[in-house]
Amino acid sequence: MTESQTAVRPERRAELAAGLARVRARIADACAAAGRQRDEVTLVAVTKTYPAADVVALAGLGVSDVGENRDQEAAPKAEAVADAGAAPRWHFIGQLQRNKARSVVRYADVVQSVDTVRLAAALDAAAAGAVRDRPLDVLVQVSIDGDPARGGALPGAADPQRGLDPVAAAVAGADGLRLAGLMAVAPLGWEPDRAFARLAEVAAALRADHPGATVLSAGMSGDLESAIGHGATHVRVGSALLGMRPALR
């Protein structure tokens with residue numbers, strides 16, 4: 001990718017700065033309403049479909065964490081951003097196929113979407129073969145409504161592959177991984193407060209067995225206030241920060 005492709009137009013930088021100011025104000029207000037400190041919540045800018053130039057601009061505006069959903073887009077984007085001199089913390093937040101694990105561990109600092117024992121094992125093997133100076137942080141994606149037809153480990157399930165306890169144990173026991181906490185998306189049709197209250201219960205139970213698993217990634221552009229009210233430590237924001245999302249190609 002050429003330098004011109006990561007150069008930031010002044011008008012786009014102004015748009016991003018305005019969006020960032022609005023989102024930061026929402027986070028601050030939600031923290032105040034919940035009686036929490038502002039520094040307890042990290043903004044993850046979800047930059048899928050947006051150009052590397054936007055990531056470079058956000059990094060220049062003080063955004064430290066960036067989320068991507070597709071390896072085929074994220075891998076070259078991370079390389080371009082690094083070449084431009086920016087070094088955000090990369091979160092992989094999309095559904096991950098095991099055959100993409102080797103690629104993802106080369107650039108990701110965090111994988112937020114581990115929901116099977118097999119995927120945990122694939123990431124551990126990939127991390128062992130990669131040049132990394134620390135374990136890969138992993139969040140177990142949890143299914144709030146327990147629907148096995150959708151992604152997410154299943155709380156309380158005996159399933160040895162998708163039960164939340166087996167998946168968490170597999171991550172915690174892997175040499176190349178660190179169990180950092182949980183990630184979830186509010187199910188369609190659920191009120192955010194109901195969804196995130198349930199998630200908070202699941203997270204508390206996980207921490208009883210894994211005290212270091214303190215990260216709770218929940219809440220997006222439309223429901224971040226509710227997520228923060230129920231203990232989210234990370235919110236994943238795309239459109240409210242970057243504007244209307246370009247169409248996927």
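These are my notebook entries on strands, helices and a few single residues in this predicted model.

**Entry 1: strand 1 and its neighbours**

I began with strand 1, residues 42-46. How many of its five residues are buried? I found four, so strand 1 is largely enclosed by the rest of the structure.

Next I looked up its pairing. Strand 1 runs parallel to strand 8, which covers residues 234-237, and four bridges join them. Ala-45 is the residue that faces Val-237 across this pair. Strand 1 also runs parallel to strand 2, this time with three bridges. There I saw Val-44 opposite Asp-65. I noted that strand 8 and strand 2 both pair with strand 1.

**Entry 2: following the sheet onward**

I moved on to strand 2, residues 65-68. Which strand does it join through four bridges? It joins strand 3, residues 89-92, and the two run parallel. I picked one bridge to look at: Glu-68 has Phe-92 of strand 3 as its partner.

Then I went from strand 3 to strand 4, residues 110-114. These two pair over two bridges, again in the parallel sense. His-91 sits across from Val-110 of strand 4.

**Entry 3: the β-α-β units**

I now traced the chain from strand to helix to strand. Strand 1, helix 3 and strand 2 form a β-α-β unit, and its hand is right. I went one step along. Strand 2, helix 4 (residues 71-83) and strand 3 form a right-handed β-α-β unit. One more step brought me to strand 3, helix 5 (residues 101-107) and strand 4, and this β-α-β unit is right-handed.

I like how these entries link up. Strand 2 ends the unit built on helix 3 and begins the unit built on helix 4. Strand 3 ends the helix 4 unit and begins the helix 5 unit.

**Entry 4: the loop after strand 1**

I turned to the loop between strand 1 and helix 3, where Lys-48 lies. What does UniProt place at Lys-48? The unreviewed entry gives the feature "modified residue: N6-(pyridoxal phosphate)lysine". I took that from the record. I then checked how open the residue is. Lys-48 has 24% relative accessibility, so it counts as partly exposed; the cut-offs for that class are 20% and 50%.

Thr-49 is in this loop too. Is Thr-49 buried or exposed? Its relative accessible area is 16%, and therefore Thr-49 is buried, since the limit for buried is under 20%. Its backbone caught my eye as well. Thr-49 is not a glycine, yet its phi is positive, about 75°.

**Entry 5: helix 3**

Helix 3 spans residues 52-60. I counted its covered residues: seven of nine are buried, and the helix is mostly covered. Among the buried ones are Ala-52, Asp-54, Val-56 and Leu-58. Just past the end of helix 3, I found Gly-62 with a positive phi of about 100°.

**Entry 6: how helix 3 packs**

I looked up two numbers for each helix pair. Two packed helices are described by the angle between their axes and the distance between them.

Helix 2, residues 10-34, packs on helix 3 at about 60°, and the axes are 10 Å apart. Helix 2 and helix 3 are therefore oblique to each other, because an angle from 35 up to 65 degrees is neither roughly parallel nor roughly perpendicular. Their crossing is right-handed.

Helix 3 and helix 4 cross at roughly 50°, with axes that come within 9 Å. That angle makes helix 3 oblique to helix 4. This crossing is right-handed.

**Entry 7: two residues with distant partners**

I ended with residues whose sequence and space positions I wanted to set side by side. Ala-33 is in helix 2. It has a relative accessible area of 70%, so Ala-33 is exposed. How many residues separate Ala-33 and Glu-225 in sequence? They are 192 residues apart, but their C-alpha atoms are 9.0 Å apart in space.

Lys-100 lies in the loop between strand 3 and helix 5. At 29% relative accessibility, Lys-100 is partly exposed. From Lys-100 to Asp-71 I noted 29 residues in sequence and 7.1 Å in space, C-alpha to C-alpha.

Definitions and conventions: Residues are numbered from 1 along each chain as its sequence is written. This is a predicted model: local features need pLDDT of at least 70, side-chain atom pairs count only at pLDDT 80 or more; totals for chains, interfaces and linings use all residues. Side-chain values use heavy atoms; hydrogens and water are left out. Two strands pair if DSSP finds at least two bridges between them. A crossover is right-handed if, with the strands pointing away from the viewer, the path from the first strand over the helix to the second runs clockwise. UniProt positions are given in the numbering used here, feature names are shortened, and annotations may be inferred rather than shown by experiment. Buried means under 20% relative accessible area, exposed over 50%, partly exposed in between (1.4 Å probe, protein chains only). Axes are lines fitted to C-alpha atoms, for helices over the stretch in contact, and angles run from 0 to 180 degrees between N-to-C directions. Angles under 35 degrees count as roughly parallel, over 145 as roughly antiparallel, 65 to 115 as roughly perpendicular and the rest as oblique. A crossing is left-handed if the near helix is turned anticlockwise from the far one by less than a right angle, and right-handed if clockwise.
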